[in-house]
Amino acid sequence: MQGKTPKESYTIMNELVLPNDTNTLNNLMGGRLLHWMDIASAISAQKHCNRIVVTASVDNVSFKAPIKLGDVISIEARVSRAFTTSVEVRMDVWAENIPSGTRVKSNEAYYTFVALDHDGNTVKVPELIPETPEEIMLFEGALRRRQLRLILGGKMNPDDATELKALFFAAQQ
């Protein structure tokens, strides 16, 4: 199985924030944005895996600025690391007010997907080959994020999280 670069999974999804997408303050509802992010990141994961993927986790969704009625949302997604049967997808969300010409980064997040065959069994995914300094930084941080995800999900003992422990105990060694 041949490895792939992050640019091969790069996906941009645009949405216009309409009245049905907003709350009583005319801001985009967080749940609607999470739904759109799930779609964009799933497309990115499928491009990398060439397989059906299912969402395994959603983490580190940071809301930095409200998104208003009438704004155009651009969700940029790309695979940041591939593991044995799963991929981590990084997203950046931009809100653009076209009449004023302003564009603001509103959100960023990591979603994890597992690749499946047609019978629902997990399958191996291609390795990720980061190329740019930013891609390398995201790639290197992914193992720590994965360990934290697994600990919080009750799937890993904190004592086994060697990458995370190295962050806190490196100075003592």
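Me: In which loop does asparagine 26 lie, and is asparagine 26 buried, partly exposed or exposed?
Reply: In this predicted model, asparagine 26 lies in the loop between S1 and H1. Its phi is near 65°, which is a positive value in a residue other than glycine. Because its relative accessibility is 39%, and the class in between runs from 20% to 50%, asparagine 26 counts as partly exposed.

Me: Where is asparagine 50 found, and is asparagine 50 buried or exposed?
Reply: Asparagine 50 is found in the loop between H1 and S2, and although it is not a glycine, it has a positive phi of about 50°. A residue is called exposed when its relative accessible area is over 50%. Since the relative accessible area of asparagine 50 is 58%, this residue is exposed.

Me: In what order do the elements of the protein chain run from the N terminus on?
Reply: The secondary structure of the protein chain comes to three helices and five strands. Read from the N terminus on, these elements run β-α-β-β-β-β-α-α.

Me: In what order do the five strands form the open sheet, and which are the edge strands?
Reply: The pairing in this open sheet is antiparallel, and the five strands stand in the order S1-S3-S4-S5-S2. From one strand to the next, the twist averages 25°. A strand at the edge pairs on one side only, and the edge strands are S1 (11-16) and S2 (52-63).

Me: Over how many bridges do S1 and S3 pair, and which residue in S3 stands opposite methionine 13?
Reply: Strand S1 pairs with strand S3, residues 72-82, in the antiparallel sense over six bridges. Looking across to S3 from methionine 13, the residue that stands opposite is isoleucine 75.

Me: At about what angle to S3 does helix H1 run, and what angle does the direction of H2 make with that of S3?
Reply: Helix H1, residues 30-49, lies across S1, S2, S3, strand S4 (86-97) and strand S5 (102-116), and it runs at about 45° to S3. Helix H2, residues 133-152, packs on the sheet as well, where it touches S2, S3, S4 and S5. The direction of H2 makes an angle with that of S3 of about 80°.

Me: What span should the 20 residues of H2 have, and how far apart are its end C-alpha atoms?
Reply: At 1.5 Å a residue, the 20 residues of H2 should span 28 Å, and this agrees with the placing of its end C-alpha atoms, which are 29 Å apart.
The helix nevertheless bends by about 35°, and the bend is at alanine 142. The two values asked for are therefore 28 Å for the expected span and, between the end C-alpha atoms, 29 Å.

Me: Which residues of H2 are buried, and against what do they pack?
Reply: The buried residues of H2 are Glu135, Leu138, Gly141, Ala142, Arg145, Gln147 and Arg149. After the helix comes glycine 154, whose phi is positive, near 75°. The buried residues of H2 pack against S2, S3, S4, S5 and helix H3 (162-169).

Me: What percentage of the 173 residues in the protein chain do buried residues make up?
Reply: Along its principal axes, the C-alpha trace of the protein chain spans about 55 × 45 × 30 Å. The chain exposes about 9600 Å², of which carbon and sulfur atoms supply 54%. Counting as buried those residues with under 20% relative accessible area, the share of the 173 residues is 42%.

Terms used: Residues are numbered from 1 along each chain as its sequence is written. This is a predicted model: local features need pLDDT of at least 70, side-chain atom pairs count only at pLDDT 80 or more; totals for chains, interfaces and linings use all residues. Side-chain values use heavy atoms; hydrogens and water are left out. Two strands pair if DSSP finds at least two bridges between them. Helices (H or I, at least four residues) and strands (E, at least two) are DSSP runs, numbered from the N terminus. Axes are lines fitted to C-alpha atoms, for helices over the stretch in contact, and angles run from 0 to 180 degrees between N-to-C directions. Contact means heavy atoms within 4.5 Å. The expected span of a helix is 1.5 Å times one less than its number of residues. The bend at a residue is the angle between axes fitted to the seven residues ending there and the seven starting there. Buried means under 20% relative accessible area, exposed over 50%, partly exposed in between (1.4 Å probe, protein chains only). Accessible areas come from the Shrake-Rupley method with a 1.4 Å probe; for residues, only the protein chains shown count as cover.
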